[in-house]
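Got your viewer open? Load the model, switch to cartoon with the ligand as sticks, and let's take a walk through it.

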Amino acid sequence: MRIDILTVLPKLLESPFNDSILKRAIEKKLVEVHIHNIRDYSTQNQKQVDDYQFGGGAGMVMTIQPIADCIDKLQSERTYDEIIYMTPDGEQFNQATANTLSLKENIIILCGHYKGVDQRIRDHYITKEISIGDYVLSGGELAAAVVSDAIIRLLPGVLNDESSALTDSFQDNLLAPPVYTRPADYKGWKVPEILLSGHEKKIEDWRHEQAIERTKQRRPDLLDENEK
Ligand code: 6GU
């Protein structure tokens, strides 16, 4: 898979892809992540990437030209499955969207800034608009990093324990059950007996019950009517 991220603040995206799981995924060539500085594509004298909005009003708008030129260049090199715009008024990101996007070959992610991009970019290039929640960030970069992380960790070979993405919270619309490690008794705080029993089937049942219980308590909206 290849992800191209378009941004006016490339530095903000350096550290998420240069550490831990994402770094390893890139090193293992399971994914390519290319960060493009939109400013590099500006044909304006001062490499300007924004301008005042028509009709007046506070806040600058990202101009068409540098973004269009950058996307045109990328599209001349390969076919993209999605061109995503990160924006608080997009559809809310969730595990199902992460799963779907993880099956794509090439995607572009455009990070919004200021008041956002000229609507004509959205009308003529963008195939999907994503928000990561009902709050406003100062730019789309952190949201793009969130979406990329959620996608990349699903790619085969990225996680050491292949089964572990399948047991994540949300994968089956249930939150993950509690987990424990050594010691089995910390100053009298004991690990549930069942986990020390060695009964694989009973442990699996217990985890499923715990997942349902936790979901009922914390996120009843995730449960089907028949599980309530
Ligand atoms: Cl994708 N961008 C910005 N600027 N704020 C957000 C967001 C995106 N998702 C939630 N808040």
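Start by selecting the ligand and the residues around it: you should get 13 in this predicted model. Those that come nearest are Thr-87, Ile-132, Gly-133, Tyr-135 and Leu-137, so label these five before you go on.

Next, turn on side chains and colour the shell by residue type. What is the split between nonpolar, polar and charged? Eight of the shell residues are nonpolar and five are polar, with no charged residue in the set.

Now colour by secondary structure. Pick strand E5, residues 82-92, and strand E7, residues 128-131: each of them supplies at least two residues of the shell. Which element gives the most? That would be E5, with three residues.

Time to zoom in on the polar atoms. Select Tyr-135 and show its backbone: one of its polar backbone atoms is 2.5 Å from a nitrogen atom of the ligand. Move along to Leu-137, where a polar backbone atom lies 3.0 Å from a ligand nitrogen. Then click on Ser-131; here the partner is in the side chain, with an N or O atom 3.4 Å from a nitrogen of the ligand. Switch on the surface after that: the protein covers 96% of the 290 Å² of accessible area that the ligand has on its own.

With the surface still on, look at where the ligand sits, which is the second largest pocket.

Finally, zoom out and colour the chain by domain. Domain 1 takes in residues 2-152, and domain 2 takes in 167-222. Draw a line between their C-alpha centres and you span 37 Å.

Terms used: Residues are numbered from 1 along each chain as its sequence is written. This is a predicted model: local features need pLDDT of at least 70, side-chain atom pairs count only at pLDDT 80 or more; totals for chains, interfaces and linings use all residues. Side-chain values use heavy atoms; hydrogens and water are left out. A residue is near a molecule or strand if one of its heavy atoms lies within 4 Å of it. A polar contact is a pair of N or O atoms within 3.5 Å; within protein, one must be able to donate a hydrogen and the other to accept it, and residues adjacent in sequence count only if both atoms are side-chain atoms. Accessible areas come from the Shrake-Rupley method with a 1.4 Å probe; for residues, only the protein chains shown count as cover. On a 1 Å grid over the protein atoms alone, a cavity is a set of points where a 1.4 Å probe fits but cannot get out, and a pocket is an open set with protein on both sides within 12 Å along at least five of seven lines; lining residues have an atom within 4 Å of a point. A molecule sits in a cavity or pocket if more than half of its atoms lie within 2 Å of its grid points. Helices (H or I, at least four residues) and strands (E, at least two) are DSSP runs, numbered from the N terminus. Ala, Val, Leu, Ile, Met, Phe, Trp, Tyr, Cys and Pro count as nonpolar, Asp, Glu, Lys and Arg as charged, and the others, Gly among them, as polar. Domain bounds come from an automatic or database domain assignment.
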